[in-house]
Amino acid sequence: MSATIDQLKNSMKINDWVSLQEGYEKMNKQLEKVKRVIDTNRAPNLYIKALMTLEDFLNLTLANKEAKKKMSSSNAKALNSMKQRLKKNNKEYEDLINQCREKPELFEEKVDEEPEPEDEDEDDDEDVFDEDPTNLESDESDEEEEIGKDSTEPGWEKMLSKKDKLMDKQFKDPSQITWDTVNKKFKEIVAARGKKGTGRIELIEQLTFLTRVAKTPAQKLEILFSVVSAQFDVNQNLSGHMPINVWKQCVQNLLTILDMLTQYSNIVVDDMVEPDENETQKGADHSGTIRIWGNLVAFLEKIDLEYFKSLQVIDPHTREYVVRLKDEPTFSVLAQNVQEYLERVGDFKGASKVALKRVELVYYKPQEVYDAMRKLAELDNGEAESAEESKGPAAFVVTPELLPRKPTFPENSRTLMDILVSLIYKYGDERTKARAMLCDIYHHAILDEFSTSRDLLLMSHLQDNVQHMDISTQILFNRAMAQLGLCAFRVGLVVEGHSCLSELYSAGRVKELLAQGVSQSRYHEKTPEQERQERRRQMPYHMHINLELLESVHLICAMLLEVPNMAANAHDAKRKVISKSFRRLLEVSDRQTFTGPPENVRDHVMAATRALKQGDFDKAFTVIKSLDVWRLLRNKDNVLEMLKAKIKEEALRTYLFTYSASYDSLSLDHLSKMFDLSDSQTRSIVSKMMINEELHASWDQPTGCIVFHEVEHTRLQALAFRLTEKLAIIAETNERAIESRIGGGGLDGLPLRRKEGQDYAAAAGGGGGGRWQEFSFNQGRQGSSGGRTGGYNAGGGRGGGYNRDNRQGRGGYQNQRHQDGAGRAYQSGSSARGGQMDSSTRMVSLNRGVRT
């Protein structure tokens with residue numbers, strides 16, 4: 001109240017009646033609290049003197065008419081309001097005010113003796129809730145640092161706040177502290193949690209103080225769990241994160257809890273049964289089981305979430321982000337200790353959830369990054385402070401550090417992953433096992449173990465059920481497929497690489513699907529709530545997959561597949577499309593009047609495509625090699641050598657498809673020199689084309705020449721081709737009619753066949769579920785072999801292919817691409833070389849290890 005009256009005097013000096021009105025109302029609120037504290041109905045002398053001063057100043061202001069006219073409208077309005085309120089209020093204290101005028105010395109004597117209420121600003125400082133907890137915490141820590149520096153000098157004492165003074169007063173004499181006293185104060189503080197006017201930081205400090213005066217280990221544990229819960233309340237904004245220093249204190253509190261649980265093995269933490277009210281009264285010498293409410297797994301998951309959110313919010317291009325990443329070993333050691341404790345007490349289901357959190361810290365790290373993290377964890381971390389080393393008296397229940405404060409990592413990241421995922425596969429629930437499997441697939445992929453990753457994906461059947469999972473798991477699935485595509489490309493499997501990546505690029509929402517940014521669409525407007533939800537699920541910057549590298553690999557794979565395919569189907573290029581997105585880019589590039597030098601990834605690949613179509617493989621490779629993304633690969637030289645060999649091979653295939661009709665025979669030596677290939681490589685490539693009936697020719701062994709055969713379609717075959725095309729047109733017309741009836745539209749509303757360029761003729765032939773079907777048509781010398789389509793029918797539907805909801809599959813392996821949980825399925829097919837495979841929808845080749 002004294003501070004409020006000082007503010008009133010300052011406002012009088014500048015004739016600010018708006019501030020005077022606010023201060024007057026604040027003083028009246030504080031009057032009721034003062035009366036409760038001093039336990040009397042009489043107003044304090046300080047208040048009476050302030051009323052007298054206000055009344056005199058009001059009369060003086062009203063007498064000065066000229067000054068009143070010059071007042072602003074708000075000031076004049078406040079003056080009139082104060083006139084009425086003072087007049088009404090002063091009637092109650094009229095005798096005391098008159099007495100103060102006559103004998104002011106009586107009222108001045110007791111000014112300093114008036115006690116101040118402990119909560120004088122409780123209701124008025126409501127903005128404590130509105131303050132940024134980060135700023136609040138940092139300001140407080142700065143003050144503590146300054147006070148700490150001063151307190152080291154002799155003759156200085158550390159000033160305590162009113163709350164701390166009250167706590168020290170109540171618990172000053174250790175001999176008078178009992179379990180009941182601490183328990184009563186604990187319940188009082190917990191009851192105030194969440195109420196209006198209760199400061200969250202202040203609440204944590206009071207509970208932390210109680211941990212030092214707790215009489216039994218069980219009571220200290222109970223209070224520590226409440227401290228951790230209160231620390232989670234500091235940040236109540238979904239888009240914000242817990243202040244970093246509070247996060248570190250929270251981790252130290254949980255490590256202290258684990259130390260106590262290790263020290264006192266008879267204490268059991270459980271959140272299923274409500275413990276007895278006097279359970280914590282049992283001391284350290286109690287031999288029976290003591291039950292305490294708490295959930296270590298939930299607390300660990302919350303700490304992980306707050307760490308994840310902080311990395312989302314912090315600018316990744318600042319040093320602050322790097323410093324925050326250094327806190328990862330702190331979380332690792334906590335997760336490791338929690339997992340070991342849960343395994344020790346037999347809670348393997350909880351241990352599997354904690355193991356998943358550890359897997360999610362490691363799965364995206366290459367071996368080099370893992371080694372750097374292991375070295376960082378070995379360094380001394382002097383910043384970690386025990387929760388008991390803060391201000392206040394010595395703790396009654398001393399807790400030694402029994403658990404390690406540094407994580408232990410095996411030398412190889414694969415070893416750690418194998419240990420953790422084995423535990424999860426054995427004890428985890430369905431969601432935990434699915435996420436662990438996806439992380440395992442991702443990690444095998446970054447180690448260039450494509451066959452292992454592919455087999456894990458096929459054996460798990462995750463692609464069948466991923467549309468029913470939560471969005472974060474769907475994002476992880478998309479990330480795993482992207483990394484699997486990159487892995488396939490690095491090991492030279494172009495077809496499989498394109499199969500994995502084509503799904504991501506079919507709709508042009510790569511950023512959204514990988515949670516690496518928010519994409520804007522002209523056809524779909526998002527509500528503010530949808531945008532907020534999408535931003536909350538974004539991946540931190542250090543976990544991103546480079547989108548330029550991803551686009552480069554996708555377009556290069558599409559180029560290597562599409563250029564020979566277009567040459568083989570030159571008479572009807574639209575009939576068999578492998579990659580629609582690549583075809584669209586190529587059409588846009590061909591329509592340009594003037595083609596300048598390539599600037600981005602797409603320009604480079606389009607320039608390489610034009611060179612490859614003309615047979616200039618050297619120029620095509622030079623353009624591709626000039627991309628900057630190759631520096632991101634560890635084995636850059638090996639990948640470029642592989643890519644050069646693939647370009648030569650596809651150039652040879654394209655040449656044969658284009659010009660075979662012009663030759664009766666062609667020398668093997670001539671072909672080898674033309675495309676800079678060895679005789680054995682050239683013979684192998686041409687022989688494969690003959691076997692797959694892509695090229696109607698035979699070898700003349702004595703001369704080493706290729707002899708081409710003229711094959712013409714019969715009348716029946718030509719009519720069959722025309723019938724197939726017309727049936728496709730009728731089917732597409734029917735789909736459009738259904739669309740218009742059910743209101744479909746836009747890119748997402750396109751039917752599966754039109755989205756993916758699926759051939760209805762091939763799909764119609766799938767009679768037996770889970771069998772391979774053969775389709776082949778002979779067109780001139782370029783045999784248009786349909787290859788093999790079909791797949792394992794997991795849904796029990798008719799036809800070959802993975803079936804999502806028991807509808808007839810169209811052949812091939814179905815994969816789902818998900819982001820919004822809409823459950824839209826896109827189909828994938830697998831095929832042999834050439835145009836046999838609808839590779840805009842393929843994911844992984846099932847030619848190896850598939851069950852038939």
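In which sense do strand 4 and strand 5 pair, and over how many bridges? Strand 4 and strand 5 (residues 705–708) pair in the antiparallel sense, over 4 bridges. The legends below describe this pairing and other details of a predicted model.

**View 1. Strand 4 and strand 5 belong to an open sheet of 3 strands.** The strand order is 3-5-4, and the pairing is antiparallel. Strand 3 (665–667) and strand 4 (697–700) are the edge strands, each pairing on one side only. From one strand to the next, the twist averages 25 degrees. Strands of a sheet pair through backbone hydrogen bonds, in either a parallel or an antiparallel manner.

**View 2. Helix 33 packs on the sheet.** Helix 33 comprises residues 679–691 and touches both strand 4 and strand 5. The direction of helix 33 makes about 140 degrees with that of strand 4. Within the sheet, alanine 697 stands opposite phenylalanine 708, a residue of strand 5.

**View 3. Helix 28 contains several buried residues.** Helix 28 spans residues 580–591, 12 residues in total. From its first C-alpha to its last, helix 28 reaches 17 Å, close to the 16 Å expected at 1.5 Å a residue. The buried residues are Ser581, Phe582, Arg583, Leu586 and Ser589. Their cover includes helix 24 (494–505), helix 27 (547–568) and helix 29 (601–613).

**View 4. Glutamate 551 lies in helix 27.** Glutamate 551 counts as buried because its relative accessible area is 16%, under the cut-off of 20%. Leaving aside residues up to four places away in sequence, glutamate 551 touches Tyr505, Val601 and Arg602.

Methods. Residues numbered from 1 in each chain as written. Predicted model: local features only at pLDDT ≥ 70, side-chain atom pairs only at ≥ 80, totals over all residues. Heavy atoms only, no water. Helix = DSSP H or I, 4+ residues; strand = E, 2+ residues; numbered from the N terminus. Expected span 1.5 Å × (residues − 1). Buried < 20%, exposed > 50% of the residue type's maximum accessible area, 1.4 Å probe, protein only. Contact = heavy atoms within 4.5 Å. Pairing = 2+ DSSP bridges. Axes fitted to C-alpha atoms, helices over the stretch in contact; angles between N-to-C directions.
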